[in-house]
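Biologist: I'd like to learn how to read a ligand site. Can you walk me through one?

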Amino acid sequence: MSMNSVNSKLVKDAGHIAGEWCQADSGATIAVYNPATGEQLGQVPDMGINETRAAIDAASKALANWSAVAPKERARLLRCWFDLIIEHKEDLARLMTLEQGKPLFETRGEVLYGASYVEWYAEEGKRAYGKVFAAPTADKRALSIQQPIGVVAAITPWNFPNAMITRKVAPALAAGCTVVLKPSEETPFSALALMALAEQAGIPAGVINMITSSQAAAVGKVLTDDSRVRKLSFTGSTRVGKLLYGQSADTVKKLSLELGGNAPFIVFDDADLDAAVAGAVISKFRNAGQTCVCANRILVQDGIHDAFVARFKQAVEQLVVGNGLDDSSTLGPVINQAAIDKIAGMVDKAQSEGASLVTGGQRHPAGELFFAPTILTGVTQQMEIARQEIFGPVAPVIRFKDDAEAIAIANDTPYGLAAYFFTESHSRIWKVAEALEYGMVGINEGILSNEIAPFGGVKESGLGREGSSQGLEDYMETKYLCMGGIR
Ligand code: SIN
């Protein structure tokens, strides 16, 4: 099955600047491949510095009009975009499976998840309230208003080709900002399809501009150096996030950074075993382990360790590895050769450091980029596999004795995005939730992402929150108004 199976009005092989679909000035292109088969799906323009500047020009020009549109009208346009996404959900899901690899049940879920941000911010944009303060003297009045921050640059990853775009663009637009977006060059078609639907919804020219490019460093530098860009929102690695953070200092941009994670998934002796196993499978193997919030280390208490590992093995061996377009598949490929080589290397190294293989452990015959779902036991916090983000379908299990040890291991990382734990004790729920140095904690729950939640991390996992009312505030500035001479 190829791109022909997708509604052709959604298949765009051009960037989008100032309301025009356009090619790279140089004519250069980037080939896009299906990770499940290696087949070339198509190509998109390889844009660079000039096109990025043109996109910022367009976003700056569109800003005055867009920010002056009444929030209710912006909400109507976002709602229209939402309705079109829902109307085309099956095509968007197929397109995403083709270029990203995750199974259809997951891409269908992601389209709905992505759309939920558009719906939520269509509603939330109408509630950007200011405040009136009690003034310090009788002749003064003091208040604050919320205003759009300005032109926003958004850089989005390949692991959620739809939802990471809507999670940034929808609040930006609802707030009255305009956007220059660079989607991942691995998954540009999902981004361009969303752009086509935004255009159809009537979102005006220049409000969303899309640059497809393989020149991430050059494009990132133009976006960070330009003082007209007032906010940068990036989802990706901690390494690149730090670079963008540094580059944004000169123009003192506001930043949202959603970076790497090293999520602990803690199973205490008193956990509901079935729930913990189900939570571990979904948290670890969602998107073949390629999410920033995937369980990266599974910490299991002594008393339940062997029973948990036995049940977890049974559940993991039921995963169906295969092309995501096949409705029976539950685990797709990883994104590219570098990813699978890194995963294979980490699994080998963990075994050479003393970990034991319970299941999996090697590449899967379904194709070059498929890795068998893997469980390792006897892992320690000192091993590389417990310190690095795996971003693949590999579950390292670490055994622990008591709460203090679990918390110490869980917090022993520079990352602080998501953590999970399973227990039936309400005292433990509070104590552990408070002790974990993470931005998000799943309690008896393996999936925590949704549009109402303030998604984001602490420590080197990032800055800011996406989703919820906080996600809107992150695209706005507070302006304090002080009125004197009141008689
Ligand atoms: C991510 O991996 O960056 C996002 C995961 C999510 O939204 O659940």
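Modeller: Sure, domains first: their bounds come from an automatic or database domain assignment. This is a predicted model, where local features need pLDDT of at least 70, side-chain atom pairs count only at pLDDT 80 or more, and totals for chains, interfaces and linings use all residues. Residues are numbered from 1 along each chain as its sequence is written, and side-chain values use heavy atoms, leaving out hydrogens and water.

Biologist: Which domains does the assignment give?

Modeller: Domain 1 (3-259 + 461-480) and domain 2 (263-450). Both give residues to the shell around the ligand, so the ligand lies between them. Their centres, taken over C-alpha atoms, are 30 Å apart.

Biologist: Which residues come nearest to the ligand?

Modeller: "Near" asks for a heavy atom within 4 Å. Here 13 residues surround the ligand, and Tyr113, Arg167, Arg286, Cys292 and Ser449 come nearest.

Biologist: And what about polar contacts?

Modeller: With a ligand, look for a pair of N or O atoms within 3.5 Å. Arg167 has a polar side-chain atom 3.0 Å from a ligand oxygen, and a polar side-chain atom of Glu258 also lies 3.0 Å from an oxygen of the ligand. Cys292 uses a polar backbone atom, 2.7 Å from a ligand oxygen.

Biologist: How much of the ligand's accessible area does the protein cover?

Modeller: Such areas come from the Shrake-Rupley method with a 1.4 Å probe. The protein covers 100% of the 260 Å² that the ligand has on its own.

Conventions: A polar contact is a pair of N or O atoms within 3.5 Å; within protein, one must be able to donate a hydrogen and the other to accept it, and residues adjacent in sequence count only if both atoms are side-chain atoms.
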